[in-house]
Amino acid sequence: MRAQLAAASAYTDWLVAQAEDAAAAERHAAYTARVATAQPLPVVVTRHQCPHCRTTRAHRAAAAAHIGRCWHNPDAHGCKTCQHFEPAANGPYPEHPGWPEECGADQGVVLERPVIDCPFWAPHTNA
């Protein structure tokens, strides 16, 4: 009797495993069919771009605020549009760190970051 119970238990385990494998295969087939037909949807995004440095912002107000303080905007009287601005330069040899950006009008003060509304600002002269 025990032999018959052991054989029936083994058959039941095999039958359950077969049913689980068939269900997994069916779920995988349904997933593959669903994924194969899904297509990405196009999304239109509006960005606002600075006309001076080409930086973009998601919000119009943020872009307008940036334009007012943009280092490349001549109306902001920033360092990068001034004739006294001396850009950073490479050093004379590879190990040399180079020279930082400087303001020639202010006795060669090293610029930690460019300034806007500078009292020494003068427009570039195209000579």
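## Around Thr55

Which residues does Thr55 touch, not counting residues up to four places away in sequence? In this predicted model, the partners of Thr55 are His48, Gln49, Cys50 and His66. Thr55 itself sits in the loop that links strand 1 (48–49) to strand 2 (56–57). With a relative accessibility of 28%, Thr55 counts as partly exposed. From Thr55 to Cys70 the C-alpha atoms are 9.5 Å apart in space, and the two residues are 15 apart in sequence.

His66 deserves a look of its own. This residue belongs to helix 2, which covers residues 60–69. His66 counts as buried because its relative accessibility is 10%, under the 20% limit. Leaving aside residues up to four places away in sequence, His66 touches Cys50, Cys53, Thr55 and Arg57.

## Cysteines and the disulfide search

How many disulfides does a search of the whole structure find? The answer is 0. Cys70 offers a good case to follow up: its closest cysteine sulfur is in Cys53, 3.7 Å away, and that is too far for a bond, because a disulfide calls for sulfur atoms within 2.5 Å. Cys70 is also buried, with a relative accessible area of 2%.

Cys82 is another residue to find in the model. Its relative accessibility is 5%, so Cys82 counts as buried.

## The cavity

Now for the empty space. Rolling a probe the size of a water molecule over the atoms shows where such space is left. Here the structure holds 1 cavity of 30 Å³ or more, and the volume of the largest cavity is about 60 Å³.

Which residues line the largest cavity? They are Gly78, Cys79, Cys82, His84, Phe85, Cys103, Cys118 and Trp121. Cys82, buried at 5% relative accessibility, is thus one of the lining residues. Sorted by class, the lining comprises 6 nonpolar and 2 polar residues, with no charged ones.

## The chain as a whole

Stepping back, the protein chain has 2 helices and 5 strands. Along the sequence these elements follow the pattern α-β-β-α-β-β-β.

Of the chain's 127 residues, 16% count as buried; His66, Cys70 and Cys82 are among the buried residues. The accessible surface of the chain comes to about 10,100 Å², and carbon and sulfur atoms account for 58% of that area. Finally, taking contacts between residues at least 6 apart in sequence, 33% join residues at least 24 apart.

Definitions and conventions
Residues are numbered from 1 along each chain as its sequence is written. This is a predicted model: local features need pLDDT of at least 70, side-chain atom pairs count only at pLDDT 80 or more; totals for chains, interfaces and linings use all residues. Side-chain values use heavy atoms; hydrogens and water are left out. On a 1 Å grid over the protein atoms alone, a cavity is a set of points where a 1.4 Å probe fits but cannot get out, and a pocket is an open set with protein on both sides within 12 Å along at least five of seven lines; lining residues have an atom within 4 Å of a point. Grid points are joined across faces, edges and corners, and a volume is the space filled by probe spheres set on the points. Ala, Val, Leu, Ile, Met, Phe, Trp, Tyr, Cys and Pro count as nonpolar, Asp, Glu, Lys and Arg as charged, and the others, Gly among them, as polar. Helices (H or I, at least four residues) and strands (E, at least two) are DSSP runs, numbered from the N terminus. Buried means under 20% relative accessible area, exposed over 50%, partly exposed in between (1.4 Å probe, protein chains only). Contact means heavy atoms within 4.5 Å. Accessible areas come from the Shrake-Rupley method with a 1.4 Å probe; for residues, only the protein chains shown count as cover.
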